[in-house]
Structures are given as C-alpha cells and as structure tokens.
Amino acid sequence: MNVEEVFHMNGGDGANSYAKNSHFQKKASEMVKHITIQTIQQAYLSIRPNSFGIADLGCSSGPNTLSIVTDLVEALTREITPPPAEIRVCLNDLPTNDFNSIFRSLPDLYRQLRKAGTDGVAGGSSTVFVSAHPGSFYGRVFPTSSLQFVYSSYSLHWLSRVRVMQKSS
Ligand SMILES: C[S@@+](CC[C@H](N)C(=O)[O-])C[C@H]1O[C@@H](n2cnc3c(N)ncnc32)[C@H](O)[C@@H]1O
C-alpha cells in the first residue's frame, strides 16, 4: 500500500473531523506567529517581487488552513509599502486531503480579505490567488522559481513516509 495515496486527516466539519480537533496545532502556530510574520516580511522586503508566492506544506483542512493564509496575507499588506501586487498562496497536502472543504471556504476568505482592505479586488492593496497543489512534499510539487516563502506547521513530523538511516559498516 502506498501510504501517500490514502493518508489524510478526517475531512469535513463533523465531531471527528480535523477541523474540529486541531486546537492544539492552532495554539502551536500562534506561539511562533511573531517569528513567521517577521520572516515573511523580511523575505518580501529583500526581493520585493510584484508577484509573491507562498506555500503551506501539509495544509490539511479546517480553520487552521485559512487562518494562517489570512495571517500571512495581512503580514504582507498591513505594514508594508508598497505591498506585492499579487500574492499567490499555494496549498499543499496529500491527494486525499479534503481540499473541497477549503475551496468552499474561499468565497468567505476573499470577502474577509476585501473587508480588511488587503485584497486588491476591492481597491485594496494586493490581489490574492489561492490554489491547491496536491502531492507529497517528498517529491516535486511546484514549478521552478514559483515560491518566495514556504511555511509548514505540524506536518514534517507527521510523516507519511519514514526514512530509515542505515549505518555504514
Ligand atoms: C497534523 S496536520 C497539520 C495541518 C496544519 N498544518 C495545521 O497546522 O493544523 C499534518 C498534515 O500534513 C500532511 N502530510 C503528511 N505527510 C505529507 C506529505 N508527504 N506531503 C504533503 N502533506 C503531508 C497530512 O496529510 C496532514 O494534513
């Protein structure tokens, strides 16, 4: 069995879903949020591209996914002049992740960003494009030179594959 083809968090928003059982992971990302924000701002300011690409490796589904997207977009638009013209947010997880529930939340996310003045569609500062990139981050998931900032929280230890290091004799 290829674990990467079947492994996933519980989708939807039922009692046993990841969406309803990921408070601990949310707390962990909140604890280091100031570092994440400072780092993405530095990354943008050091190159200032018109189109800034962000990836979230192991994004899962549920409130944590879009909450970090909002934080990262706000970090690039609230305190920085000029902010990037475009922000591309590339969500990555294994193919059986519940990407559909993320897609269903996108209209709300875009509305929220417009209201906060961070999305250029409403005359705000940056136009935000969210896309999904299903596949294992052990392999190639993104096109060349498409990303300027890569984020991952509570995913690297959640291994869909275990690498065994062999001692040479
Ligand atoms: C505990 S969840 C963390 C989700 C989210 N980042 C958060 O902070 O709530 C770990 C996620 O990593 C994903 N994952 C594990 N191995 C992966 C791999 N090789 N490639 C892509 N995603 C992977 C899992 O499918 C799962 O959705």
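These are my notebook entries on what I looked up in this structure.

**Entry 1, the model and its chain.** I began by noting that the model is predicted. I then looked up the secondary structure and found that the chain has 5 helices and 4 strands. Following the sequence from its start, I wrote down the order of these elements as α-α-α-β-α-β-α-β-β. I also looked up burial over the whole chain, and 42% of its 169 residues count as buried.

**Entry 2, the ligand and its surroundings.** Which residues are closest to the ligand? I found 20 residues surrounding the ligand, and the closest are Tyr18, Gly58, Asn64, Asp93 and Ser153. Sorting the residues of this shell by character, I recorded 9 nonpolar, 10 polar and 1 charged. As for the place of the ligand, I noted that it sits in the largest cavity.

**Entry 3, polar contacts of the ligand.** I went through three of the neighbours in turn. For Gly58, a backbone N or O atom lies 2.8 Å from a nitrogen atom of the ligand. For Asp93, an N or O atom in the side chain is 2.6 Å from an oxygen atom of the ligand. For Ser153, a polar backbone atom is 2.8 Å from a nitrogen atom of the ligand. I then looked up how much of the ligand the protein covers: the ligand taken alone exposes 610 Å², and the protein buries 98% of that.

**Entry 4, a cis peptide bond.** I turned next to the backbone, keeping in mind that most peptide bonds are trans and that most residues other than glycine have a negative phi. The peptide bond leading from Thr81 to Pro82 is cis, and its omega is near -10°. I located Pro82 in the loop between α4, which covers residues 63-77, and β2, which covers residues 86-92.

**Entry 5, two positive phi values.** What is the phi of Ser145? I found a value near 55°, which is positive although this residue is not a glycine. Ser145 lies in the loop that runs between β3 (127-132) and β4 (149-151). Is Ser145 buried or exposed? Its relative accessible area is 67%, and because a value over 50% counts as exposed, I entered Ser145 as exposed.

Tyr154 also came up in this search, since it has a positive phi of about 55° without being a glycine. I placed Tyr154 in the segment after β4. With a relative accessible area of 33%, Tyr154 is partly exposed. I then looked along the chain for a partner of Tyr154, and noted Ser29, which is 125 residues apart from it in sequence, with the two C-alpha atoms 8.3 Å apart in space.

**Entry 6, a residue inside helix α4.** I looked up Thr65, whose place is in helix α4. Is Thr65 buried or exposed? Its relative accessibility is 2%, and because buried means under 20%, Thr65 counts as buried. I also found a contact for its side chain, in which a polar atom of Thr65 lies 3.3 Å from the backbone oxygen of Ser60.

**Entry 7, pairs separated along the chain.** My last search was for further residue pairs that are apart in sequence, with their C-alpha distances.

- Pro95 lies in the loop between β2 and α5, and it is partly exposed, with a relative accessible area of 49%. Its C-alpha atom is separated by 6.6 Å from that of Glu5, although the two residues are 90 residues apart along the chain.
- His23 has its place in helix α2, which covers residues 23-31, and it is exposed, with a relative accessible area of 58%. His23 and Pro63 are 40 residues apart in sequence, and I noted 9.4 Å between their C-alpha atoms.
- Arg114 belongs to helix α5, residues 99-115, and it is partly exposed, at a relative accessible area of 32%. From Arg114 to Thr127 the separation is 13 residues in sequence and 9.4 Å in space, C-alpha to C-alpha.

Technical notes
Residues numbered from 1 in each chain as written. Predicted model: local features only at pLDDT ≥ 70, side-chain atom pairs only at ≥ 80, totals over all residues. Heavy atoms only, no water. Near = heavy atom within 4 Å. Polar contact = N/O pair within 3.5 Å; in protein donor to acceptor, adjacent residues only side chain to side chain. Areas by Shrake-Rupley, 256 points an atom, 1.4 Å probe, with all protein chains shown as cover. 1 Å grid on protein atoms, 1.4 Å probe; cavity = no way out; pocket = protein on both sides within 12 Å on 5 of 7 lines; lining within 4 Å. Sits in = over half its atoms within 2 Å of the grid points. Nonpolar A, V, L, I, M, F, W, Y, C, P; charged D, E, K, R; others polar. Buried < 20%, exposed > 50% of the residue type's maximum accessible area, 1.4 Å probe, protein only.
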